[in-house]
Amino acid sequence: MMRLVTAVMTLLFLSSTSPASGQPGPFDPQAASIQALTVVGTDVLYAGSFGLGLFRSEDRGTTWMKSGEGVSDPFILSLATAKDGTVYVGTFREGVFRTTDHGKTWQSVNAGLKAKEVKTLLAVGDQMYAGTADGAYRLNRADSRWTVVTSGLDEILVHALAQSADGTLYAGTSGKGVLRFKANSSGWVRLPHGLKDHEGMIENFIRVLTIDPEGGIYAGTFDGGVFRSNDGGTTWRPISRALPNDSIRGIVFNSRGLFVATGHGIFKTTDKGRQWVPLNNGLTSMAVQVLVESTNGSLYAGTNAGAFRSDDDGKSWNAINEGLEGGVAPPPFLFR
């Protein structure tokens, strides 16, 4: 019962206030709370903060400069880089913006969006998808207009999106678990068996989705750990019983293992979750919000007290906060 109450309270709080709320660790006034990261090539990064806008780095995060001219909402929820190098940003209240001039200026791309709270952005090939407070959308670049992917997600908050090699889309939601949309099917279908944890509870609050090269799907939940499916989402099994923290904020899979960012640090497994190794040497904030990997294998973590980079698969982390200005962010519902 306590887990159920916690999940409901988490949904209400995260969907109506700051997505960075409720996270442990001291606030560092010297560094912004980083909610989103995206890498362009090997050297250029964009960081989105919750309340202090966008930042850009050309030297792998060693130094940062403010970006975001034209982005009318400083509360950043998501970032993604398209195949052609265009960078997209999703905000808390003002929808999607994009830049085609290396972050100098940003233009609104909101035509067709019913809801302006954009929790996640997914770039796959020439396609851009957005998970919003009102389902999932696909961008038609020809006319810069979003269209609903398909029916079945109306008025559902989508936190995560992933696409498998065969084109099947998966949506992680708040309250409805994981839904699947196969090409040429009639619409989104809620997966019937759900994500059952070690206590027998069904986890319906999904924050992260990742698909490995073998087609394995990983789902990270708000407070129920990590699950894996080997059959396209039909069945799931928990793999995080040995993980010290069940609040999952990011999942990265590469040839060296599975990396998971949690509310209390970063962990790695090489045996499908039987053992988890902590990778927190150098992290001065353990409240990790986002974890991404660059094309050259470097890992970047955004936390509630700035950003960090690891060039050795997480064995050690270095703070990369020069220029990531901190301070007190304005309240999201009072800022105008």
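Two strands are taken to pair if DSSP finds at least two bridges between them; strands themselves are DSSP runs of E of at least two residues, numbered from the N terminus. The structure is a predicted model, in which local features need pLDDT of at least 70, side-chain atom pairs count only at pLDDT 80 or more, and totals for chains, interfaces and linings use all residues. Residues are numbered from 1 along each chain as its sequence is written, and side-chain values use heavy atoms, with hydrogens and water left out.

A convenient place to begin is the sheet that holds strand S1. S1 and strand S2 (residues 44-49) are joined by six bridges in the antiparallel sense, and one partnership to look for on screen is that of Ile-34 with Ser-49 of S2. These strands belong to an open sheet of four, ordered S1-S2-S3-S4 with antiparallel pairing. Strand S1 (34-40) and strand S4 (65-66) are the edge strands; each has a single partner strand, so one side of each lacks a neighbour in the sheet.

S1 and S2 reappear in the largest nonpolar core, a set of buried Ala, Val, Leu, Ile, Met, Phe, Trp, Tyr and Cys residues joined through side-chain atoms within 4.5 Å. Here buried means under 20% relative accessible area, exposed means over 50%, and partly exposed lies in between (1.4 Å probe, protein chains only). The core has 15 residues, and those with the most contacts inside it are Leu-37, Ala-47, Trp-64, Tyr-300 and Leu-324. Two or more residues come from each of S1, S2 and strand S25 (288-293), with S1 giving the most, three residues.

Next comes the empty space. On a 1 Å grid over the protein atoms alone, a pocket is an open set of points with protein on both sides within 12 Å along at least five of seven lines, whereas a cavity is a set where a 1.4 Å probe fits but cannot get out; lining residues have an atom within 4 Å of a point. Grid points are joined across faces, edges and corners, and a volume is the space filled by probe spheres set on the points. The largest pocket holds about 1,400 Å³. Its lining has 42 residues, of which Leu-79, Leu-121, Leu-122, Leu-291 and Val-292 are the closest to the centre. Strand S9 (118-124) is among the elements that give two or more residues to this lining, and its six residues are the largest share. By class, the pocket lining divides into 25 nonpolar, 13 polar and four charged residues (Ala, Val, Leu, Ile, Met, Phe, Trp, Tyr, Cys and Pro count as nonpolar, Asp, Glu, Lys and Arg as charged, and the others, Gly among them, as polar).

The whole structure contains one cavity of 30 Å³ or more, and the largest cavity has a volume of about 40 Å³. Its lining includes Asp-134, Tyr-137 and Leu-153, and strand S11 (residues 135-140) gives the most to it, with three residues.

Three loop residues complete the picture. Asn-304, between strand S26 (299-303) and strand S27 (306-310), is buried at 9% relative accessibility. Its side chain makes a polar contact with that of Ser-285 at 2.4 Å (a pair of N or O atoms within 3.5 Å; within protein, one must be able to donate a hydrogen and the other to accept it, and residues adjacent in sequence count only if both atoms are side-chain atoms). His-102 has a positive phi near 60° and is exposed at 55%. Lys-272 also has a positive phi near 60°, and is partly exposed at 48%.
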